[in-house]
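Trainee: I have a fold open and many labels to justify. Can we go through them one by one?

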Amino acid sequence: MPEQDVAAVKTALKSQRIETPSWAYGNSGTRFKVFAQAGVPRTVREKLDDAARVQRHTGVAPVVALHIPWDRAGADDDFTALASYAADKGLRLGAVNANVFQEDAYKLGSVAHPDPAVRRKALDHLMECVDIMDATGSRDLKLWFADGTNYPGQDDIRARQDRLAEALSAVYERLSEKQRLVLEYKLFEPAFYSTDVPDWGTSYAHCLKLGPKARVCVDTGHHAPGTNIEFIVAFLLREGKLGAFDFNSRFYADDDLMAGAADPFQLFRIMYEVRAGGGLEGTAEERAAEGEGPGVAFMLDQCHNIEPKVPAIIRSVMNVQEATAKALLVDREALAAAQRAGDVLTANGVLMDAFNTDVRPLLADVREELGADRDPMAAYAASGWAEAIVRERVGGEQAGWGA
Ligand code: PSV
Ligand code: MN
Ligand code: MN
């Protein structure tokens, strides 16, 4: 590859920002069991301390997404102070995730609930999340609704869409010009018969009606098996409606495993469509600013139930970087020529050549040039952090789902 091309690939890799989820630092589990791990953060600040380690070793993960109320606890309720704490650690606070799925009131839904009092309560929470964004300087409000029904006839599917649209439009109006909402979809779970935002088409249709500040969030674990996620990505980017990713891996359903663990080839295909759609162009600052370019947020949304959390997050960041590097290595001119000529095998070969390239040395150089570590996993293991947090984080209650 010509030297100037390598330089351009490196520049793009250096400007990528991978946002880590505060909840991935805390304890999590399946509905069968949460296995608590020693050294897990007890406060939001301790989650940020762990995130700062991920950033220190990788150099591309300075943003941390919050989940409310999981990250609303005692002293950390002052989100302006929390944002300065993050800044002191070289971090900034990212997407604010609303949570209208863990209270008894939400048994039959939140914003689509048949009872207006429950809908009001859910909307109040969404509004509160925007207040928090004002304090943290966050751009994105991430909305995922567990709303749906378990049995045919349980509720009116159309009426639920009307209620959903009403709430979305109210919160959309509350956003400032610099803020956005990203609407996440998921095929099923916890609702097993109908889900109110089950797929990208439903999310897209709502976002289109709402306006330019509303975009779709693609969680890679939220589709039916065999879904061509890269097609969805290509389509949404073309329409200017791709707002964010929740990256994770799945073998079966919403497994929330480390991004790139189950299917690195799929992650590469997704990142190639992001690149082709202009999602990697510009500086990190330009991409973070509303209205500038495609503005896609690369977030992780995963849970580390059986593996140590901080290195699992480091590994996930590296996996996203590797997929991105391979996507950037695709020889687009050769690909376009083969496509024009209808040369199926050559076109496919161009993509496979990039996918089969070992990009680890290139990424090691990128990290070194960023002042991070060539081998983040080894550097973390040697840092003593894992042992220190086990020693020091004693007493108190560990953070986890619902805490
Ligand atoms: C729902 O499955 C989801 O993907 C949403 O993004 C939630 O906010 C998150 O998981 C909770 O872990
Ligand atoms: Mn998600
Ligand atoms: Mn999920």
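Mentor: Here is how some of the labels are earned.

Mentor: This is a predicted model: local features need pLDDT of at least 70, side-chain atom pairs count only at pLDDT 80 or more, and totals for chains, interfaces and linings use all residues. Residues are numbered from 1 along each chain as its sequence is written, while chains are lettered from A and ligands numbered from 1 in the order in which they are written.

Trainee: What makes S6 a largely enclosed strand?

Mentor: Strands are DSSP runs (E, at least two residues; helices are H or I, at least four), numbered from the N terminus. A residue is buried if 20 or more other C-beta atoms, placed from the backbone, lie within 10 Å of its own. Five of the five residues of S6 (residues 180–184) are buried, so the strand is largely enclosed by the rest of the structure.

Trainee: Which way do the residues of S6 point?

Mentor: In a regular strand the side chains alternate between the two faces of the sheet. Here Arg 180, Val 182 and Glu 184 point one way, and Leu 181 and Leu 183 the other.

Trainee: How do you know which strands pair with S6?

Mentor: Two strands pair if DSSP finds at least two bridges between them. S4 (residues 140–143) has four bridges to S6, in the parallel sense. Four bridges also join S6 to S8 (residues 214–219), again parallel. Leu 183 is the bridge partner of Leu 143, and Val 216 in S8 is that of Leu 183.

Trainee: What larger arrangement holds S4, S6 and S8?

Mentor: A closed barrel of eight strands, S1-S2-S3-S4-S6-S8-S9-S10, with parallel pairing. The twist averages 30° from one strand to the next.

Trainee: What puts a residue in the shell around ligand 1?

Mentor: Its C-beta atom, placed from the backbone, lies within 6 Å of the molecule. Among those around ligand 1 are Trp 23, Asn 97, Glu 184 and Lys 186.

Trainee: How do the shell residues divide by class?

Mentor: Ala, Val, Leu, Ile, Met, Phe, Trp, Tyr, Cys and Pro count as nonpolar, Asp, Glu, Lys and Arg as charged, and the others, Gly among them, as polar. The shell has two nonpolar, one polar and six charged residues.

Definitions and conventions. A residue is buried if 20 or more other C-beta atoms lie within 10 Å of its own, exposed if 12 or fewer, and partly exposed in between; C-beta atoms are placed from the backbone. Axes are lines fitted to C-alpha atoms, for helices over the stretch in contact, and angles run from 0 to 180 degrees between N-to-C directions.
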